[in-house]
Amino acid sequence: MNVLAELGIVVAGLVLAIVLLALNFWRAVLFLFPHKVRVEPEAPADQMDLPLELAQVSIHLQALGFVALGSHEEKPPLQKATRSYDWAHPTERVFATVYQTADGEPRLYFLTPLAPEGFVITAGYRRPALDVPGVYRSGSLADAPPDRLLRAHLRRMEGLTPATDFSWEGRVEAGRSWYRGLGRKEIRRQNLQGLLWTVMALAIVASAFLGRRAA
């Protein structure tokens, strides 16, 4: 094989590695350090800048008895923050959170912190189903309307003891606690592929440079 062909293969490999790293390196970091996700309050209920695309979900939540709390931001390492909008149902002891995906799609999930620790999470989109008896239940009912999703969430809470703080501050702290503790397994499960692609990209870079030295 001539020198130009070898150089072309090396350059193509490096370009592929750069693309893989650009797409996946942040996922690898998140897999290794899920507790590094920052959860910060953004605006109280009377100052929430709710996007028009989420207005219909907001109307449904209010009809179900939810009260607006405020918005918060979640920022993984090396990524832009995602803004979420929070409601609470005082009697059912459930948080409702809505946000938009990168392509603008509305998403809704219900969250109930448990006492003394634990969570029940029910999402209206695909989400891994995990069950740690008495401590953690996470699942989904894709594309279900808010009322049906809430009924499913309440059924999944049966036999469990909800926490008592359903304020805006309680919602922010619940998010922080999830990333620090029981949410780590779910985050790592979601981002394992990103870690593997990152390792592959680094291996391509290493082999390119080691191959040149050996030559």
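Reader: Which residue in the turn of the E2 and E3 hairpin has a positive phi?

Author: This is a predicted model, so let's read it as one. In it, E2 and E3 form a hairpin, and six residues lie between them. One residue in that turn has a positive phi of about 70°, and that's Leu 78.

Reader: How many bridges join E2 to E3, and which residue stands opposite Glu 74?

Author: E2 and strand E3 (residues 82-89) run antiparallel, with seven bridges joining them. Look along E3 for the spot facing Glu 74, and you land on Thr 82.

Reader: What is the bridge partner of Pro 44 in E2?

Author: E2 covers residues 67-75, and E1 pairs with E2 in the antiparallel sense over six bridges. Within E2, Pro 44 has as its bridge partner Gly 70.

Reader: Which strands stand at the edges of the sheet, and why is one side of each left without a neighbour?

Author: Follow the order of the eight strands in this open, mixed sheet: E1-E2-E3-E4-E5-E6-E8-E7. The strands at the edges each have a single partner strand, so one side of each has no neighbour in the sheet. Those are E1 (38-44) and E7 (130-132).

Reader: What does the twist average from one strand to the next?

Author: Picture stepping across the open sheet, strand by strand, in the order that starts E1-E2-E3. From one strand to the next, the twist averages 20°.

Reader: Do E6 and E8 run parallel or antiparallel, and which residue in E8 stands opposite Val 120?

Author: Strand E6 (residues 119-123) and strand E8 (residues 136-140) are joined by five bridges, and they run parallel. Opposite Val 120, in E8, stands Arg 137.

Definitions and conventions: Residues numbered from 1 in each chain as written. Predicted model: local features only at pLDDT ≥ 70, side-chain atom pairs only at ≥ 80, totals over all residues. Heavy atoms only, no water. Pairing = 2+ DSSP bridges. Helix = DSSP H or I, 4+ residues; strand = E, 2+ residues; numbered from the N terminus. Axes fitted to C-alpha atoms, helices over the stretch in contact; angles between N-to-C directions.
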